[in-house]
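Colleague: I have not worked with this structure before. Please take one part of it, look at it closely, and then follow its surroundings as far as they lead.

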Amino acid sequence: MDRLSVSPDEFRRLAARAVERAARYLERLRDLPSFPATSGAESLATFDRPLPARGMGAAAFDEIENVIANSRPCGPAFFGYVLGSGEPVAAVADLVASVLNQNVTAWRSGPAAVTIERTVVRWLAEAIGCPGFTGSLTGGGSMANLMALAMARDGQGTIYASSEAHMSIPKAAALLGLGHDAVRAIAVNESFRMIPEALDRAIEEDVRAGKRPLAVVATAGTVNTGSIDPLEEIAEIADRRGLWLHVDGAYGALAALTVPERFRGLDRADSISLDPHKWLYQPLDCGCLLFRDRTAARAAFSHTGDYARTLQSDPVESFAFFDESLELSRRFRALKLWLSLRYHGVDAFRDAIRGDLALAQRLASRIDAEPALERLAPVALSAVCFRHEGSDDFNLRILRRTIARGRVYLSNATVHGRFALRACIVNHRSTEEDVDAVVAETLAAAGQESA
């Protein structure tokens with residue numbers, strides 16, 4: 001007898017139990033504190049148990065309530081980091097994808113899964129104004145950025161990115177054997193956008209010094225302030241210099257669905273990273289790499305052993321993601337995005353992004369109207385950086401106190417060398433009441449710290 005077998009009826013009971021608990025969580029999500037009332041020691045005491053030798057059966061599910069109670073909620077007032085809010089239709093799709101357990105390597109391994117992923121990738125490319133681009137889904141923007149620079153790489157060389165570029169860029173350079181020093185930071189202006197003239201000067205200096213420029217990384221939505229580099233001007237320089245242009249749009253590129261005018265030049269990139277698990281509100285993980293020329297992807301990643309070599313001649317049936325991607329074993333990430341987009345329609349996502357952008361402007365206005373608060377950066381997308389009057393240490397204590405109060409969850413950033421409180425709104429559940437609470441809770445926390 002297969003000791004790991006679960007009957008269809010038992011699966012129904014277990015799934016119904018889990019779904020009921022998940023539904024109750026969604027019902028009370030608005031009322032949950034922004035961070036669970038727990039500590040590291042309490043987490044260990046709750047979950048760090050000996051590995052059971054004998055199965056617990058359905059009793060193993062008794063701990064789901066503890067898992068939920070000790071998890072940071074994706075509620076409407078979660079404004080930390082750049083993390084989407086976990087759209088529920090996509091969560092249901094994740095269950096189905098796990099049951100199907102498709103290894104999305106090649107069409108012959110998962111015909112539906114591969115076809116759906118290729119379809120979703122095409123949808124994403126068209127939605128952000130880059131028809132004709134292809135690519136694949138990834139675990140996130142870091143993997144997409146790594147793959148893009150692997151495609152750009154042909155020997156050693158220098159990568160140019162703004163001083164506000166994401167930490168995954170130098171990490172990718174290191175993993176590719178180029179070293180952290182291969183990334184040259186280009187100055188930004190007062191709006192934290194890369195200065196094209198500084199980029200051009202840096203490339204010229206390196207050429208004269210005998211160095212080899214390799215690629216330019218422009219950012220469409222910096223993680224700190226949401227700034228968008230001048231893509232059109234940077235594309236002109238990259239084209240004139242014969243350099244690969246990668247756009248790190250993990251945070252911001254999907255806002256092109258709503259405000260395409262802010263992303264002019266995006267379609268001139270050679271590769272683009274974007275994260276549906278950010279601004280399409282998908283559950284983790286769901287990143288994407290788009291690229292213009294699949295020949296470059298195949299040159300970087302196609303190294304197929306005989307055991308995996310496809311024998312089909314049909315162009316659909318012979319397709320393999322492992323020829324164009326770093327990953328071999330790949331989960332069915334596309335199902336949740338496919339079902340979510342079909343269920344709601346792309347216009348619903350456009351409206352949700354538009355709502356987030358409006359809420360960020362509302363928060364900026366509330367901060368500007370409060371004498372004790374200072375906004376530290378323009379609001380290009382939905383990240384709002386500000387601080388209370390006082391020292392960096394005082395603002396750090398305000399942040400901790402605000403989170404402990406449990407109404408809103410903020411993160412932090414360093415802006416012009418100063419400690420900043422940061423609210424990033426990529427949350428389809430957020431309302432005006434939630435963003436108004438950011439100012440109210442910051443002032444209340446400051447009052448308590450002062451007292």
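Modeller: I would start at helix α12, residues 334-344, where Ala334, Leu335, Lys336, Leu337, Ser340 and Leu341 are buried (under 20% relative accessible area with a 1.4 Å probe, protein chains only; over 50% is exposed, in between partly exposed). Helices (H or I, at least four residues) and strands (E, at least two) are DSSP runs numbered from the N terminus. The model is predicted: local features need pLDDT of at least 70 and side-chain atom pairs pLDDT 80 or more, while totals for chains, interfaces and linings use all residues. Residues are numbered from 1 along each chain as its sequence is written, and side-chain values use heavy atoms, without hydrogens and water.

The buried residues of α12 pack against α4 (88-100), α5, β1, α10 and α13 (346-368), where contact means heavy atoms within 4.5 Å. Just after α12, Gly345 has a positive phi of about 85 degrees.

Take α5 as one of these partners. This helix covers residues 111-127, and its axis lies 9 Å from that of α12 at an angle of about 55 degrees. (Axes are lines fitted to C-alpha atoms, for helices over the stretch in contact; angles run from 0 to 180 degrees between N-to-C directions.) The two helices are therefore oblique to each other (under 35 degrees is roughly parallel, over 145 roughly antiparallel, 65 to 115 roughly perpendicular, and the rest oblique). On the α5 side, Ile116, Glu117, Val120, Trp123 and Leu124 take part; they meet Ala334, Leu335, Leu337, Trp338, Leu341 and Arg342 of α12. Of these, Ala334, Leu335, Leu337 and Leu341 are also among the buried residues of α12.

Another partner, β1, leads to a sheet. Seven strands form this open sheet in the order β1-β7-β6-β5-β4-β2-β3, and the pairing is mixed (two strands pair if DSSP finds at least two bridges between them). β1 (134-138) and β3 (183-186) are the edge strands; each has a single partner strand, so one side of each has no neighbour in the sheet. On average, neighbouring strands here are turned by 20 degrees against each other, direction ignored.

Within the sheet, β4 (213-219) and β5 (244-249) run parallel and are joined by five bridges. One of the bridge pairs is Thr219 with Asp248 in β5. Helix α9 (231-241) lies across both β4 and β5, at about 155 degrees to β5. β5 also pairs with β6, again in the parallel sense, over four bridges, and here Val247 has Ile272 of β6 as its bridge partner. β6 itself (271-274) sends Ser271 and Ser273 one way and Ile272 and Leu274 the other, and all of them are buried. Towards β7 (287-291), β6 has four bridges, and these two strands run antiparallel. There, the bridge partner of Ser271 is Phe291.

The loop before β7 brings us back to α10, which is also a packing partner of α12. Asp285 sits in this loop, between α10 (276-279) and β7. The peptide bond into Asp285 from Leu284 is cis, with omega near -5 degrees. Tyr281 lies in the loop between α10 and β7 and has a positive phi, near 65 degrees, in a residue other than glycine. Tyr281 is buried, at 1% relative accessible area.

A further sheet lies later in the sequence. It is open and antiparallel, with four strands in the order β8-β9-β11-β10. Its edges are β8 (373-375) and β10 (411-415), each paired on one side only. Neighbouring strands in this sheet are turned by 40 degrees against each other on average, direction ignored. Helix α15 (432-450) lies across β8, β9 (383-388) and β11, at about 25 degrees to β9.

At one edge, β10 pairs with β11 (418-424) over five bridges, in the antiparallel sense; Thr414 has Phe419 of β11 as its bridge partner. His416 is found in the loop between β10 and β11, and the phi of His416 is positive too, near 55 degrees. Is His416 buried or exposed? His416 is exposed, with a relative accessible area of 58%, whereas Tyr281 is buried.
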